[in-house]
Amino acid sequence: MEKTLTICYKEFGSVAELEPADRELMERAVEATRSAYAPYSHFGVGAALRLADGSVVCGSNQENAAYPSGLCAERTAVFAASSQRPELRDYAALAVAGRDAEGELCEASPCGACRQVLLEYERLQGHPLRVLCLLGGGRVREVASVEDLLPFGFDM
């Protein structure tokens, strides 16, 4: 039996079109790209995670010569939030931005491992986690749930 999967998302022409709180979140993700340690890929990624209380935890990718010992920006932010604020494992939105080797902003989206981690935290909190990704040309893609990024994720 063949089935069809439909993924819903919104696309904004620029960061300026976002609601103020989401615009600030994306700006924090863009800022976080500057703290990336990416001497191997030369691709700096920043992530900003808004917690339910409105506070924001940022992360950036951290590479290591002992590949794959590094960590992506999204997991850095989520793991920092979870370890620093375990009583508040309730996340509203995550913004992701990238910066290329020339220092220009570029498209970024969570990798498969990050999608699985984000999905587990989304299921743990019992409600969707919105994800905003910076695209080329300053556009932004928004998915309402990590399920839209990883429709066949798994649980233990």
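The following paragraphs describe the salt bridges, the largest pocket, a surface patch and several individual residues of a predicted model.

A search of the whole structure finds eight salt bridges. One of them is formed by Asp22 and Arg130, whose closest N and O atoms are 2.8 Å apart. This pair links distant parts of the chain, since Asp22 belongs to helix H1 (residues 20–32) and Arg130 to strand E6 (residues 130–134), with their positions 108 residues apart in sequence. The two partners fall into separate classes of accessibility: Asp22 has a relative accessible area of 8% and is therefore buried, whereas Arg130, with a relative accessible area of 22%, is partly exposed. The assignment of Arg130 rests on the cut-off used, because a residue counts as buried under 20% relative accessible area and as exposed over 50%.

Arg130 also takes part in a salt bridge with Glu142, again with the closest N and O atoms 2.8 Å apart. Here, too, distant parts of the chain are linked, Glu142 being placed in strand E7 and Arg130 in strand E6, twelve residues apart. Glu142 has a relative accessible area of 10% and is therefore classed as buried. Through salt bridges that share partners, Asp22, Arg50, Arg130 and Glu142 are joined into one network.

A further salt bridge is made by the side chains of Asp53 and Arg85, with an N to O distance of 2.8 Å. Asp53 is located in the loop between strand E2 (44–51) and strand E3 (56–60), and Arg85 in the loop between helix H2 (73–84) and strand E4 (91–99), so that the pair ties together parts that are 32 residues apart in sequence. Both loop residues are partly exposed, Asp53 at 44% relative accessibility and Arg85 with a relative accessible area of 26%.

The largest pocket holds about 250 Å³ of space. Its lining is made up of Tyr40, Ser41, Asn61, Gln62, Glu63, Asn64, Tyr67, Pro68, Gly70, Leu71, Cys72 and Arg75. When these residues are sorted by class, five are nonpolar, five are polar and two are charged. Two of the lining residues, Tyr67 and Pro68, are joined by a cis peptide bond, for which omega is about 10 degrees. Pro68 itself is situated in the loop between E3 and H2.

Backbone geometry also singles out His42, which has a positive phi of about 60 degrees although it is not a glycine. His42 is placed in the loop between H1 and E2, and its relative accessibility of 45% means that it counts as partly exposed.

Phe43 was examined with respect to residues that lie well separated from it in sequence. Ala101 and Phe43 are 58 residues apart along the chain, yet their C-alpha atoms are separated by 6.0 Å. Ala101 is found in the loop between E4 and E5 and, with a relative accessible area of 56%, is exposed. For Cys106 and Phe43, which are 63 residues apart along the chain, the C-alpha separation is 9.2 Å. Cys106 is part of strand E5 (residues 105–106), and at 16% relative accessibility Cys106 counts as buried. In another such pair, Gly98 and Pro110 are twelve residues apart in sequence, with their C-alpha atoms 11 Å apart in space. Gly98 belongs to strand E4, where its relative accessibility of 0% places it among the buried residues.

On the surface, a nonpolar patch is formed by Leu5, Ile7, Tyr9 and Phe152, which together have about 470 Å² of accessible area. Phe152 comes from the segment after strand E7 (140–143), and its relative accessibility of 71% means that it counts as exposed. The patch thus brings Phe152 together with Leu5, Ile7 and Tyr9.

Conventions: Residues are numbered from 1 along each chain as its sequence is written. This is a predicted model: local features need pLDDT of at least 70, side-chain atom pairs count only at pLDDT 80 or more; totals for chains, interfaces and linings use all residues. Side-chain values use heavy atoms; hydrogens and water are left out. Patches are made of residues with over 30% relative accessible area and no salt bridge: like charges are joined within 9 Å, nonpolar side chains (Val, Leu, Ile, Met, Phe, Trp, Tyr) within 5 Å. Accessible areas come from the Shrake-Rupley method with a 1.4 Å probe; for residues, only the protein chains shown count as cover. A salt bridge is a side-chain nitrogen of Lys or Arg within 4 Å of a carboxyl oxygen of Asp or Glu. Helices (H or I, at least four residues) and strands (E, at least two) are DSSP runs, numbered from the N terminus. Buried means under 20% relative accessible area, exposed over 50%, partly exposed in between (1.4 Å probe, protein chains only). On a 1 Å grid over the protein atoms alone, a cavity is a set of points where a 1.4 Å probe fits but cannot get out, and a pocket is an open set with protein on both sides within 12 Å along at least five of seven lines; lining residues have an atom within 4 Å of a point. Grid points are joined across faces, edges and corners, and a volume is the space filled by probe spheres set on the points. Ala, Val, Leu, Ile, Met, Phe, Trp, Tyr, Cys and Pro count as nonpolar, Asp, Glu, Lys and Arg as charged, and the others, Gly among them, as polar.
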